[in-house]
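Colleague: Please take me through this model, and give the criterion behind each term as you use it.

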Amino acid sequence: MKTLRRIALYTGLTIAALTFIYPFLWMASATFKPLSEVGTIALFPSHATLDNYRTMWARAPFGRALLNSMFVAGTITISVLVFGSITAYSMARLRFRGRPVLNAATMGVLLVPGQLTLIPMYTLIVQFGWVDTYAALIVPYLFNATAILMMRQFFLQIPQSLIDSARMDGMGEMRILFTIFWPLSRPVLSIVAIFTFMGSWNEVLWPLLVVREQHLMTLPQLLTVFSLGGGAGSIGVSLASAMVLVVPVVIAYAILQRNFIESMASSGVKG
Amino acid sequence: MPSVHFDHVSKRFGATTVVEDFSLDVEDGELLVLVGGSGSGKTTILRMLAGLEEVTEGTIRIDDRDVTALPPRDRDVAMVFQDYGLYPHMTVRENLSLGLRLRKVARTEIDRRVAWAADMLRLEPLLDRKPKQLSGGQQQRVAMGRAMVREPLVFLFDEPLSNLDAGLRAQMRIEIGGLQRRLMTTTVYVTHDQVEAMTLGDRIVVLADGRIQQIGKPIELYRSPVNRFVAGFVGTPPMNFVDGNVAQKNGSISFTSDGIDFPFLSERRASDVPSGSVTLGIRPEDMTVDVLDAQSDGPTRGLQGRVVLVERLGGTSHIHFDAGPHRLLAAVSNDRLPEVGDAISVRLHSERIHLFVGDRRISSVI
């Protein structure tokens, strides 16, 4: 009876997993299929070919877009971690005039939907003369209220005596943050890093608004322009370009998977 | 020259005054204990001395140098925290040496001091472990080692033993006392535990509501408390208090209260005692208990009571008894103890009686 139930359970789980994995695997295999085979449901191409990738690479600067995306998402992630943790540390552990206001303002930012600030933000970028620059892609995302609040929540749980001992040992506040708090906050830092990186990596709307030069485009933006604009020409090429977007994230996830799940779980329990 | 000097120091958080007009000299090499209940301001005083809390008013001098506005790192003090404050991601060795590395002490000197402290505190086998892998007592010793390697002018201890179990606490108390006597470093020690204060302190400062109640050697606080608070705070089990009146009767002076009529003064000292309402204080160990025979009426004057509870602790036992409406406690070392319900006669050792008018103790009542 027990075995039977287990078999049923695993069969159910396998079917569920397949419904998630199959489209992705099909997409991956379709990129290696010649044009005539793309429409078929088979997982393995009869004649594997890299033609779709070659066509894609030749028609649009995907290499450059990949580097742009890495640069933009990387800079934003580092900035959110560094500046965010500095802000979170001061909000959580320092006493200063205006701290309640800062707390309320940070919370308030969360309540405003992004779509609402899109047009004012765009106007601002135009007035700064930042259209078609990296600054337009990066600067608006250097700070993140959600990240600040998550880190603040975590920092609040670190015992005061650690800060006190560090001060007695002769550390300044920055040093306390980076040599004591950072090593102890790995769970929250990694979850903030992963979310920020993925969010920035997948962002399409904002780059579409502020960047028109092809050499400045990020990968998802170029992909959108390329596929929707008819540049791809065939579904195989479209899918190949989507693979270029997905693969780095999948690889990153595979590497960080344990950390990711741990931090999700631990931040849930502790937060 | 005093090693630490507080001059009219006050601390306010908003409208709340936590420490009020605190002045104190700590002598060189002395172990001074600040003791008081929660909210007495003792930890705030220590944190102000450490530089972890700003001083609202007044000045603090260490070794004749005004440190009031200096950050902790420039004060040459080291502190041991209640929860030890060890860096969990660093080994014991790193925990011990970090403060010295930040002060740019030479590598060889750091190694020498860490080895010295590790040897003194028996930490050598633990040097490469992380704090999590240590027991409470071991963590406590690492925290002390971290203070020692700094070779500071003043050690500060903030309730260092309150996270340990009773047995270990007694042992660490002895270790801290021994260590301080060997190093002869000026030490300010904060605790809420009066037993710790009595056993460790060269001098004790009793605090309540941010104010000094009394400063003195342990035995002075025990024998001559200046007020009811100190009398009740110092000593275990605590002093018994009975509110009543002093009145002249038949040429001698008696203390009377409901169910108690106790002559305790000879006529010639009668002028020293104000008449009217007073509080009598007597420590449990300053009473002698006699069981009364069922038939006899017992003494007509003095304290008579009925036993409500006997706690047998082995060496001494605690006898809780009712005298009139008053529930009192006597600590006796007899082997022959009364039973619950027995009528007893209690003699107070008259030279150990304390009289309080209002809150203040009247000195030399006897």
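Modeller: In chain A, helix 13 (residues 235-270) of chain A has the lowest mean pLDDT among the elements, 74, and helix 6 (residues 134-138) of chain A the highest, 96. The model is predicted: local features need pLDDT of at least 70, side-chain atom pairs count only at pLDDT 80 or more, and totals for chains, interfaces and linings use all residues. Residues are numbered from 1 along each chain as its sequence is written, and chains are lettered from A and ligands numbered from 1 in the order in which they are written.

Colleague: What is the pLDDT over residues 267-271 of chain A, and how many contacts does this stretch have beyond near neighbours in sequence?

Modeller: The pLDDT, the predictor's confidence in each residue from 0 to 100, is below 50 there, and the stretch has 5 such contacts in the model. A contact requires C-beta atoms, placed from the backbone, within 7 Å. Chain A averages a pLDDT of 89, with 95% of the residues scoring at least 70.

Colleague: Why are strand 7 and strand 8 of chain B said to pair?

Modeller: Pairing requires at least two bridges found by DSSP; 5 bridges join strand 7 (residues 154-158) to strand 8 (residues 186-191) of chain B, so the two strands pair. They run parallel, and Phe157(B) stands opposite Tyr189(B) in strand 8 of chain B. Strands are DSSP runs (E, at least two residues) and helices likewise (H or I, at least four), numbered from the N terminus.

Colleague: What makes strand 6 and strand 10 of chain B edge strands?

Modeller: In the open sheet of chain B, ordered 6-7-8-3-9-10 with mixed pairing, strand 6 (77-80) and strand 10 (211-216) each pair on one side only.

Terms used:
Two residues are in contact if their C-beta atoms, placed from the backbone, lie within 7 Å.
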